[in-house]
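Let's take a walk through this structure together, one contact region at a time. Have the 3D view open as you read.

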Amino acid sequence: MAAKTLTIDGHLVSARPGETLLAAIREAGITVPTLCHLDGLSDVGACRLCLVEIEGQRRLQPACMTMVSEGMVVHTNTPRLQSYRRQIIELLFAERNHVCAVCVASGHCELQRLAGMVGMDHVRYEYLSPNCPVDISHPRFGIDHNRCVLCTRCVRACDEIEGVHTWDVAGRGVNAHVITDLNQPWGASTTCTSCGKCQLACPTGAIFPRGVTVGERPHASERIALIVEARKQRW
Amino acid sequence: MGQRIVIDPVTRIEGHAKISIHLDEAGDVAETRFHVTEFRGFERFCIGRPFWEMPGITARICGICPVSHLLASARAGDGLLAVQIPPAAEKLRRLMNLGQIIQSHALSFFHLSGPDLMLGFDSDPAQRNVFGLIAADPNLARNGIRLRQFGQEVIELLGGRKIHPAWAVPGGVRNGLSQSGRDQIRAKLPEMLTIALDAIGRLKQLTERYQREIATFGVFPSLYLGMVGPGGRWMHYGGKLRVIDHTGKILIDELDPIDYRDVIGEAVEPWSYLKFPYIRALGYPGGMYRVGPLARINVCTTMGATRADTELRELREQAGPVIEGSFYYHHARLIEIIAALERMEMLIEDDDLLSNELRADAGVNRREAVGVSEAPRGTLFHHYKVDDKGLITDVNLIIATGQNNLAINRTVGQIAQSYIRNGQFDQGILNRIEAGVRAYDPCLSCSTHAVGQMAMEVELYDAQGELLDRVSR
Ligand code: SF4
Ligand code: SF4
Ligand code: FES
């Protein structure tokens, strides 16, 4: 199939058919913020940070879920997009309890980095300050729901790569939260293999190795793509 | 009928506090109170957190002495893991606490109290600050800055600027000391000792001038509590607790921090957010005790450091075996700086400091633990309970200013009584009350777990409860 030609932020770009717009944008050397997307996992379009403007379409489209097509004219960084992105990040901070100063992920956190990227200097929304539990019943890992952004990267890593589907999402709207097995304590899960891929995939300090202290949780999400590649190539 | 004086704010201490002085019909002091008016329920905030996070969280309670919280918390964490931490970690923690004592005492003596001491309590308030001190005695001011910087440097060499809030962790420490860091500390020690010895010489020259202050600043019998090491040596981390009475008799010795509740009770008063700890055996408020530099040099048998011991002996000859007045907190701070530098001299030669074995790994092996460190301002207790997984279910912190609370109240009363007669008083009296409080170096932001600025005001009320005067700066 012939390559598709499109215009991204004024540059002519050619892309492989069947490729996502996000991939094409990145190949063009342009940075678009993402959170729920993780190389190596399927896309779900949950966080809406990668929204772009496509000429001729009234609605904004998530780049990670949109396929390239011939002649597309795309804008990735308009004032409207900038404003929405900042609002999204602020809402994520307002929704749970992010106290970076004492967080295990501080300095290695995608949400924190995104906040800097979109220029968030304060949060304009009222904090919901929910009372979220911390589950450290697993012998090796813990989950602090205060820091979860519901990106579902853990759910997909566990399902698509490890293949055991320990993680899932329960509840709706503001009550949505990730669960292990049938909403049991993680330590009681009979499906969890303790492989730690969910921890690798998690962009924030929500899933962490037990016993880590402030700023000590490394960020290693890129290893998910590495595992996928290794499997494909039978390294 | 009576009058009431309230001092607000005591400048140069952190937090928010208020002093009220009630006068009687004759215009003499009937009652004084040192109130702390801000409160944030810090303990509650910790419930449900994994205890591994506690050093990082509690180090954020107070911007002035994070190291003390860090160490007490990490030590409580060691207790929950039920491990003995690697020797290198133990020594490095000790080294950091010495750095903390030096930098904090240097700040308190040279910058916060220096202006009062060197320029005089009745000097122009506009000049009686660190800038006035720099103008009047640039060398002393500069020395103070150097000493403080040195203490901070030691802390930074270990904890680093960025990760500092969680350098000490349950089970040990996160980073060791580099060879070059060790050389850097070693090279500076002689100069720092000269500065400290010079400063104590200067303070001793002032004793003559401040006879009246020495006699009226918190001179009353009380108990003293502090940590000591083997043989009753001055100790700031990892020792056992000792309580003595005003005659020097040892009432309690070798107390393991875990048993502190057997010895210390905590009373609550409706007019203050600080808790009022007291020694149970003597009841409340008779069991009033003091902690901090003065208490530590009183409870210890020796400083375990040559030059510091010389100074301590001299002071004991002059002021008695138990040094009672809170004015002597200043002497005590300088003696502790000297001792800390001498201890550092010894510690720095220990090759364990360069070890890479720094952290013991374990799960939850105990459900309750107490960690104690000697903060610059006094003994600091962190008491945690956790569930079987390690989530915090209960926290109790006892901080220095809380323990000195009763004594601070007494001190304020004593100074007021001595300087206010027949409703007559002047600005100098209020300065002295403020200085009497500052002698304890209270850190109110930490004692009430509140963040922000300390302000203090003194209000003077007459017998009818009418406000006569108010000082707030
Ligand atoms: S998860 Fe990230 S954003 Fe949230 S508190 Fe931790 S460091 Fe901050
Ligand atoms: S736990 Fe982490 S990976 Fe899973 S949904 Fe929450 S933030 Fe995403
Ligand atoms: S990265 Fe595209 S919607 Fe989250």
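Between domain 1 of chain A and domain 2 of chain A, in this predicted model, there are four residue pairs in polar contact, both partners being at pLDDT 80 or more. Salt bridges between domain 1 of chain A and domain 2 of chain A number zero. On the side of domain 1 of chain A that touches domain 2 of chain A, you will find nine nonpolar, five polar and three charged residues.

To place these two parts on the chain, the domain assignment puts domain 1 of chain A at 4–77 and domain 2 of chain A at 86–233. Their centres, taken over C-alpha atoms, are separated by 25 Å. Contact between them involves 17 residues of domain 1 of chain A and 20 residues of domain 2 of chain A. Together the two domains bury about 1,400 Å², and carbon and sulfur atoms give 73% of that area. Three leucines are worth highlighting in your viewer: A:Leu35, A:Leu38 and A:Leu41 lose the most area in domain 1 of chain A to domain 2 of chain A, together 43% of what that side buries.

Now for the boundary between the chains. Here, 17 residues of chain A are in contact with 17 residues of chain B. The area buried between chain A and chain B is about 1,400 Å², with carbon and sulfur atoms giving 59% of it. Which three residues supply more of the area that chain A buries against chain B than any other three? They are A:Val102, A:Ile136 and A:Thr213, which supply 32%.

What about charges? Side chains of opposite charge can pair when their charged atoms come close. Four salt bridges are found across the interface of chain A and chain B. One pair to look up is A:Glu216 with B:Arg174, a salt bridge in which the closest N and O atoms are 3.7 Å apart. The interface of chain A and chain B also has six residue pairs in polar contact, both at pLDDT 80 or more. By class, the side of chain A that touches chain B holds eight nonpolar, five polar and four charged residues.

Over all chains, the whole structure has 37 salt bridges. Within chain A, the side chains of A:Glu110 and A:Arg153 meet in a salt bridge, 2.6 Å from N to O. A:Glu110 lies in helix H3 (residues 110–117) of chain A and A:Arg153 in helix H4 (residues 153–162) of chain A, so this pair ties together parts that are 43 residues apart in sequence.

Next come the ligands. Ligand 1 has around it A:Phe93, A:His98, A:Val99, A:Cys100, A:Cys103, A:Ser106, A:Cys109, A:Leu111, A:Gln112, A:Arg147, A:Thr204 and A:Gly205. Ligand 2 has 13 residues around it, and those that come nearest are A:Cys148, A:Cys151, A:Thr152, A:Cys154 and A:Cys202. The table gives the make-up of each shell.

| Shell | Nonpolar residues | Polar residues | Charged residues |
|---|---|---|---|
| Ligand 1 | six | five | one |
| Ligand 2 | eleven | two | no charged |

Chain B has domains of its own. Domain 1 of chain B covers 17–40 + 420–472, and domain 2 of chain B covers 42–405. The C-alpha centres of domain 1 of chain B and domain 2 of chain B lie 26 Å apart.

Finally, two backbone details deserve a look. Most residues other than glycine have a negative phi, and most peptide bonds are trans. In chain B, the peptide bond from B:Tyr284 to B:Pro285 is cis, with omega near 0°. B:Pro285 sits in the loop between strand E10 (275–279) and strand E11 (289–290) of chain B. In chain A, A:His165 has a positive phi of about 50° although it is not a glycine. You can find A:His165 in the loop between H4 and strand E8 (167–170) of chain A.

Terms used: Residues are numbered from 1 along each chain as its sequence is written. Chains are lettered from A and ligands numbered from 1 in the order in which they are written. This is a predicted model: local features need pLDDT of at least 70, side-chain atom pairs count only at pLDDT 80 or more; totals for chains, interfaces and linings use all residues. Side-chain values use heavy atoms; hydrogens and water are left out. Domain bounds come from an automatic or database domain assignment. Contact means heavy atoms within 4.5 Å. Buried area is the accessible area (1.4 Å probe) that two parts lose on being put together, summed over both. A polar contact is a pair of N or O atoms within 3.5 Å; within protein, one must be able to donate a hydrogen and the other to accept it, and residues adjacent in sequence count only if both atoms are side-chain atoms. Ala, Val, Leu, Ile, Met, Phe, Trp, Tyr, Cys and Pro count as nonpolar, Asp, Glu, Lys and Arg as charged, and the others, Gly among them, as polar. A residue is near a molecule or strand if one of its heavy atoms lies within 4 Å of it. Helices (H or I, at least four residues) and strands (E, at least two) are DSSP runs, numbered from the N terminus.
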